[in-house]
Amino acid sequence: MRPTNVSPVRAHGLICGAMQPGPRNLITDVAGITVGHKTVIDGDLRTGFTAIVPHPGNLFLDKLVASSDVINGFGKSAGLIQVEELGTLETPILLTNTFGVAEGIHALIRRELRQNPQIDRAKGTVNPVVMECNDGYLSDINAIALTEEDANAALMAGSEDFEQGSVGAGAGVSCFGFKGGIGSASRQFELEDRTFTLGALVQANFGRAGDLVLPDGRRPSPEGMAAPEERGSVIIVLATDVPLESRQLKRIARRAGAGLARLGSFYGNGSGDIGFAFSTAHKIPHNSERDLIARDYMHEGNIDLLFQAVAETTQEAVLNAMIASPAMYGKGTSFRPSLKDWLDQN
């Protein structure tokens, strides 16, 4: 059995906030969610796909309420405009590198066409959601090496337990001058005598060397590395089983910035920082025989509880991504040290 609440950051005695993690301390503590990776490490390539599947059914026919917030818009994501307009998510979410977005789009469209051959005939088109970070420091991004098959492999690999660190879309990314990666965390809390969960998954590829602040106040800095300008990105995917409106989910996605700020980030000019949030509490039918749909949603006066959970999980997920990632050599002479090694030595 996996030990309860174990995560890379907690194994080093670092605690992010006061709320309690879920049993896995992963985004998959929200029931029904699975995460899969396809990692490509070959020659000068350090890249891949990470897939988040929000529920096991037909997402196109049974959509979820969703929203996003662009903290800083230096990014090339797909699908966010329609999510903002309609407030729903109708495909899995793919994370990848900047030049892999097109293949991710193709994979998601063809996936939904296989499940829903009536698309574009009777039910309209489909809105694939793909988000990205530039892994071009360690990986030969100009090779445009990722394929639709790689995206499908990540979608097929979905599991409640998944690896963190230099895997999938996190294989070649950097964070605060250290090796970045994919990280996750969760928090649980009570509402009306029921236990609810909020989880985060991040693709951490942001932050200047020397700016990182740990929960205990220490400021790790890679040895001999000058602070360059901030030109990274971070994608924060947030999921909860609390019933929420899309407007409320946008407010929640915006609070991912609080978690980034705790780490020392200031959302630099060249950074693509995006929060994306969805709720699994209600499924929105693509077609309905009724004109009106009744749903519960959270009273706004209680939403601070979720804001706190977002800040804590975002902070912890980024640190988990970094600590779970070993030092890595990449294309040419590129190199990123490991935050875990720094912690072990200090």
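Why does F49 count as buried? The legends below start with that residue and then move around the model, which is a predicted one.

**Figure 1. A close-up of F49 in strand β2.** F49 counts as buried because its relative accessibility is 0%, and the cut-off for being buried is under 20% relative accessible area. The residue belongs to strand β2. Look for T39 in this view too: T39 and F49 are ten residues apart along the chain, and their C-alpha atoms are separated by 6.7 Å.

**Figure 2. Helix α3 and its buried residues.** Helix α3 runs over residues 101–115, which makes 15 residues. From its first C-alpha to its last, α3 reaches 21 Å, close to the 21 Å expected at 1.5 Å a residue. Try picking out V101, G104, A107, L108, R111 and E112, which are buried in α3. Seen down the axis of α3, these buried residues fall within an arc of 125°, so they line one face of the helix. What do the buried residues of α3 pack against? Their partners are the strands β2 (45–53), β5 (93–97) and β6 (129–133), together with helix α4 (148–156).

**Figure 3. Helix α4, with buried residues and exposed ones on the other side.** Here the buried residues are E148, D150, A151, A154 and L155. Looking down the axis of α4, you would find them within an arc of 160°, so they line one face of the helix. Turn to the other side of α4 and you meet E149 and M156, which are exposed. The cover over the buried residues of α4 includes β1 (34–42), β2, β5 and α3.

**Figure 4. Helix α7 and its residue E312.** Helix α7 spans residues 304–323 and has 20 residues. Its reach from first C-alpha to last is 29 Å, close to the 28 Å expected at 1.5 Å a residue. Why is α7 described as largely enclosed by the rest of the structure? The reason is that 17 of its 20 residues are buried. E312 sits in this helix and counts as buried because its relative accessible area is 1%. Leaving aside neighbours within four places in sequence, E312 is in contact with C16, G17, A18, M19, R187 and R262. For a sense of scale, compare E312 with L61: the two are 251 residues apart in sequence and 33 Å apart in space, C-alpha to C-alpha.

**Figure 5. Two loop residues, N25 and F176, that have a positive phi.** N25 is found in the loop between α1 (8–11) and β1. Its phi is positive, at about 55°, although N25 is not a glycine. N25 counts as buried because its relative accessibility is 0%. F176 lies in the loop between β7 (174–175) and β8 (178–179). F176 is not a glycine either, and it has a positive phi of about 55°. With a relative accessible area of 0%, F176 is buried.

**Figure 6. The largest pocket.** Rolling a probe the size of a water molecule over the atoms shows where empty space is left. In the largest pocket, that space comes to about 650 Å³. Which residues lie nearest the centre of this pocket? They are N134, Y137, N205, R231 and G232, from a lining of 28 residues. The lining divides into ten nonpolar, eleven polar and seven charged residues.

**Figure 7. The second largest pocket.** This pocket has a volume of about 300 Å³. Its lining has 13 residues, and E192, F196, P243, Y297 and M298 lie nearest the centre. Strands β10 (194–205) and β12 (272–285) each supply at least two residues of the lining. By type, the lining divides into seven nonpolar, three polar and three charged residues.

**Figure 8. The largest cavity.** A search of the whole structure finds one cavity of 30 Å³ or more. The largest cavity has a volume of about 70 Å³. Around the cavity you can find L45, T47, N97, F99, G100, S139, D140, I141, I144, A145 and L146. This lining divides into six nonpolar, four polar and one charged.

Notes
Residues numbered from 1 in each chain as written. Predicted model: local features only at pLDDT ≥ 70, side-chain atom pairs only at ≥ 80, totals over all residues. Heavy atoms only, no water. 1 Å grid on protein atoms, 1.4 Å probe; cavity = no way out; pocket = protein on both sides within 12 Å on 5 of 7 lines; lining within 4 Å. Points joined across faces, edges and corners; volume = space filled by probe spheres on them. Nonpolar A, V, L, I, M, F, W, Y, C, P; charged D, E, K, R; others polar. Helix = DSSP H or I, 4+ residues; strand = E, 2+ residues; numbered from the N terminus. Expected span 1.5 Å × (residues − 1). Buried < 20%, exposed > 50% of the residue type's maximum accessible area, 1.4 Å probe, protein only. Arc of directions from axis to C-beta. Contact = heavy atoms within 4.5 Å.
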